[in-house]
Amino acid sequence: MRAGDLRSIFDRQAEGYDRRWARAAPVRAALDLVVGAAFSTLPDDARILAVGVGTGLELAPLSRAHPGWTFTAVDPSPRMIEACRRRAEEEGFAPRCTFHTGTLDTLAPGPRHHAATCFLVSQFITDREGRADFFRSIADRLQPGGRLASADLASDAGALRDMTRLWLIATEGPGVNEALVDRLHAVYTSEVAVWSPGLVADVIERGGFEPPMPVVQVALLHGWVTRTPAGERPA
Ligand SMILES: C[S@@+](CC[C@H](N)C(=O)[O-])C[C@H]1O[C@@H](n2cnc3c(N)ncnc32)[C@H](O)[C@@H]1O
């Protein structure tokens, strides 16, 4: 999908985004639990990069558990960044955030981060090289051994239609009809890159990370944690 189209789609979704995800709160909780564990040994003053932060759902639990951490919240959608800023103000962690409206390549250079989150973002990049480059741009912003928690929709092609139906019922409730399943299945095989979990992990690795460890799967949603190699990286 083109960057401008994505930005206007997410600008439109920003206001109702949290409501749409409300039924999937247990899925988010599972993701938050393992990401919290994967990041638990970071220093008290760790810098966290949140790529495609949306309304900031993934930042809130990290900010509560670690009052000394700071966050760089990056998203090309102005409305999403505004919603994230509102959440951070309401929950009191806004002074620890830097908000950047734009993609990662437009973020000013700064100290490398200890870890990054990237939830439900890379799936919108539909070519393999572009998706690996996207992960490389995250790796470039991390310290040696910097951690990444990544989540995307994924499925083996043969199971995708059934998984799509299951995901729709789980996230929207009963009453899902087959026409809607067909429409979303078509989107997942064209505009959104819902690839096999193995292929997504391979692309993350090609972007400069160690082989990702799969840590969560609930229907279509998959989560991985990994890190950049520990040795010094070229500047
Ligand atoms: C499905 S939402 C996920 C938001 C949040 N991470 C979450 O899990 O709730 C995808 C977000 O990624 C942002 N996005 C899309 N393409 C991006 C890119 N190339 N770089 C950074 N963010 C991007 C969108 O604006 C949107 O806010």
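In this predicted model, strands β1 (47-51) and β2 each hand at least two residues to the lining of the second largest pocket. The bigger giver is β2, which supplies the most, with three residues. The space in this second largest pocket comes to about 240 Å³. Its lining counts 16 residues, and those closest to the centre are T72, L107, G110, P111 and H113. Sorted by class, the lining of the second largest pocket splits into six nonpolar, five polar and five charged residues.

Next comes the largest pocket, which holds about 1,300 Å³ of space. A total of 50 residues line it, and L6, F10, L120, Q123 and F124 sit closest to its centre. Several elements chip in with at least two lining residues each: the helices α1 (3-13), α2 (17-20), α6 (128-139), α7 (160-172) and α8 (178-188), along with strand β2 (70-75). So β2 turns up again here, having already appeared in the lining of the second largest pocket. The largest share of the lining of the largest pocket belongs to α1, with six residues. As for chemistry, the lining of the largest pocket has 29 nonpolar residues, eleven polar ones and ten charged ones.

Then there is a pair of strands to look at. Strand β6 (residues 213-218) pairs with strand β7 (residues 221-227) in the antiparallel sense, over five bridges. Within this pair, M213 stands opposite V225 of β7. The two strands make a hairpin, with two residues between them. One residue of the turn, A219, has a positive phi of about 50°.

Conventions:
Residues numbered from 1 in each chain as written. Predicted model: local features only at pLDDT ≥ 70, side-chain atom pairs only at ≥ 80, totals over all residues. Heavy atoms only, no water. Pairing = 2+ DSSP bridges. Helix = DSSP H or I, 4+ residues; strand = E, 2+ residues; numbered from the N terminus. 1 Å grid on protein atoms, 1.4 Å probe; cavity = no way out; pocket = protein on both sides within 12 Å on 5 of 7 lines; lining within 4 Å. Points joined across faces, edges and corners; volume = space filled by probe spheres on them. Nonpolar A, V, L, I, M, F, W, Y, C, P; charged D, E, K, R; others polar.
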